[in-house]
Each structure stands twice: as structure tokens, then as C-alpha cells.
Amino acid sequence: MPTPVIRVFKTSDDLSREAAAQFSGAAREAVQARGMFTAALSGGHTPKRLYELLAAPEFSSPLSWDRIHLFQVDERCVPPDDSQSNYRMIREALLSHLPVNHFHRMEAERPDRDAAAATYEEDLRGTLGTPAGEWPRLDLVLLGMGDDGHTASLFPGSAALNERRRAVCPNWVEKLGMWRITLTLPVLNAAGRVIFLVAGEDKARALADVLHPSGPAPQLPAQLVEPAGSAAEWYVDPAAAHLL
Ligand code: 6PG
């Protein structure tokens, strides 16, 4: 397994700015090389600044948004206008400012969560042209990490962590008492690139446990993310990195 690449930035704004530059560069290269760029965006708070920067002309102007397909890493099972909705955050920070023609929203508000997940997987596979029997390969996946080492909506001890048949599935999160829909580990690990964005003192313990594990076996969900295309990249601020 390639050694994770760890980049410690002076501030979380510097972290977000570099992530925006990397996203923009990867998108330009992919569109130039293959006529398309596909990326999956996480929710939560950390990536919001990145999405706001991506909406700024500095990073968005050079991009051919008609050739870029944006997906969600995961979604809370709430309406899209709910304050907890990842889609709402992405819409407010990014989509409402840009001519993004291809945003693939997870319809996690649907009562039939399995059907919603299956519909999303079909859309993902169809858009990427994934051959039968293979995992969808996204060019880039942007991930966050919780203070318990979860990533996407793959929480410690939750059923979706062990999903190896579906690319997208519902997941009951006991600690939150709520349902989520999430990309599964095989899809995260099939990605060309995975960039984790982790900031804040509350993440320091989990980050140290993930990047410098004491035992041989991975214990935390974020440790299980080992992208086939390249080493996982960790963009962190000093507060999150101080135990490394
Ligand atoms: C979500 C995210 C989740 C997030 C982490 C970190 O739906 O909440 O996808 O995996 O990345 O919980 O969240 P913060 O960035 O808010 O700390």
C-alpha cells in the first residue's frame, strides 16, 4: 500500500485554496485528456470553503463545466432543503454560483432508501461507462473525516463498512440515530485520487490513529481508504496535525 501523502498547511484557508487548485488542475487535465472529469464531493463543514473557492473565477473560469460531472460521496436522509443536507451546503457554496450542468444529487429523502441508492449507482455507472463487474472509477474523491475516524457515511461498526457488492447503499448510523446513503469502500478505493480534508483540534486524535496506527489491523474507517490509482492525500491544518 503506497504511503499516504500528508500536507500540513498553515491555515485551513490555505488548505482549501490548495485543494481548489488541485481540483481545478485535475479537472483541466482530465478534460484535455479524456473529454470528461468526474469527482465526488463530501459534505460536512470542512469542504465548504473549498467549494466557495471553486465557485470563484480564479479556479472556475478555466474549467469546462459542461464536461465535468459532480457526484456526492454521501447524503443524510433528509429533504434537499434541510439544514443538514449535504446537497444544500454544496448548492449554496458552489452550484448556485456556477453553470454546473452535471450535478448528480443523491435522492436520500426518498422513503425507499434502497431504491434511491440503486438509482444513484445506476446513474454513477452509466455516466462513467463502468463495464459490468467493475467498480465505478471516479477521477477524484474529496473526503472528510470525523473525530471517530469515519469517512463518507462509513461509521465505525456500521453495516455499510462491510459492503462489497453495492457501490452505493443506505447505512444506519446508530450514534446519530439517522439513515444515510453513501458510496461504499470499493468505490472510494477505485478512485484515481482521494484527497482528505481534515482541520481542527477535535480531529487530532483520530488523525494520529489513522496515519500512525498502533496495531497491525486497520481499526478506523478512514484507514480502509487505499485508492488504487495513487496514495491517499491528506490535507490537514496544524490543529489536526499536532499529534502526528
Ligand atoms: C457528512 C460527511 C462526513 C464528513 C465528516 C467530517 O455527511 O457528514 O460526508 O463524512 O466528511 O463527518 O465532517 P466535518 O467536515 O463537518 O468535520
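**Exercise 1.** In this predicted model, determine whether Cys-169 is buried or exposed.

*Solution.* The relative accessible area of Cys-169 is 1%. A residue counts as buried under 20%. Cys-169 is therefore buried.

**Exercise 2.** Establish how many disulfides the model contains, and explain why Cys-169 forms no bond with the closest cysteine sulfur.

*Solution.* Begin with the criterion: two cysteine sulfur atoms must lie within 2.5 Å. Next, take Cys-169: the closest cysteine sulfur belongs to Cys-77 and is 11 Å away, which is too far for a bond. By this rule, the count of disulfides is zero. Cys-77 accordingly takes part in no disulfide, the sulfur of Cys-169 being the nearest to it at 11 Å.

**Exercise 3.** Describe the site of the ligand: which pocket does the ligand take up, and which residues are closest?

*Solution.* First, locate the site: the ligand occupies the space of the largest pocket. Second, list the surroundings: the ligand has 15 residues around it, and the closest are Thr-46, Arg-76, His-150, Ala-152 and Lys-203. Third, sort this shell by character: nine residues are polar, four are charged and two are nonpolar.

**Exercise 4.** Identify side chains that place an N or O atom within 3.5 Å of a ligand oxygen, and state what share of the ligand surface the protein buries.

*Solution.* Consider each side chain in turn.

- Arg-76 has a side-chain N or O atom 2.7 Å from an oxygen atom of the ligand.
- Lys-203 likewise has such an atom 2.7 Å from a ligand oxygen.
- Asn-86 brings a polar side-chain atom to 2.9 Å from an oxygen of the ligand.

Finally, turn to the surface: the ligand taken alone exposes 410 Å², of which the protein buries 89%.

Definitions and conventions: Residues are numbered from 1 along each chain as its sequence is written. This is a predicted model: local features need pLDDT of at least 70, side-chain atom pairs count only at pLDDT 80 or more; totals for chains, interfaces and linings use all residues. Side-chain values use heavy atoms; hydrogens and water are left out. A residue is near a molecule or strand if one of its heavy atoms lies within 4 Å of it. A polar contact is a pair of N or O atoms within 3.5 Å; within protein, one must be able to donate a hydrogen and the other to accept it, and residues adjacent in sequence count only if both atoms are side-chain atoms. Accessible areas come from the Shrake-Rupley method with a 1.4 Å probe; for residues, only the protein chains shown count as cover. Ala, Val, Leu, Ile, Met, Phe, Trp, Tyr, Cys and Pro count as nonpolar, Asp, Glu, Lys and Arg as charged, and the others, Gly among them, as polar. Buried means under 20% relative accessible area, exposed over 50%, partly exposed in between (1.4 Å probe, protein chains only).
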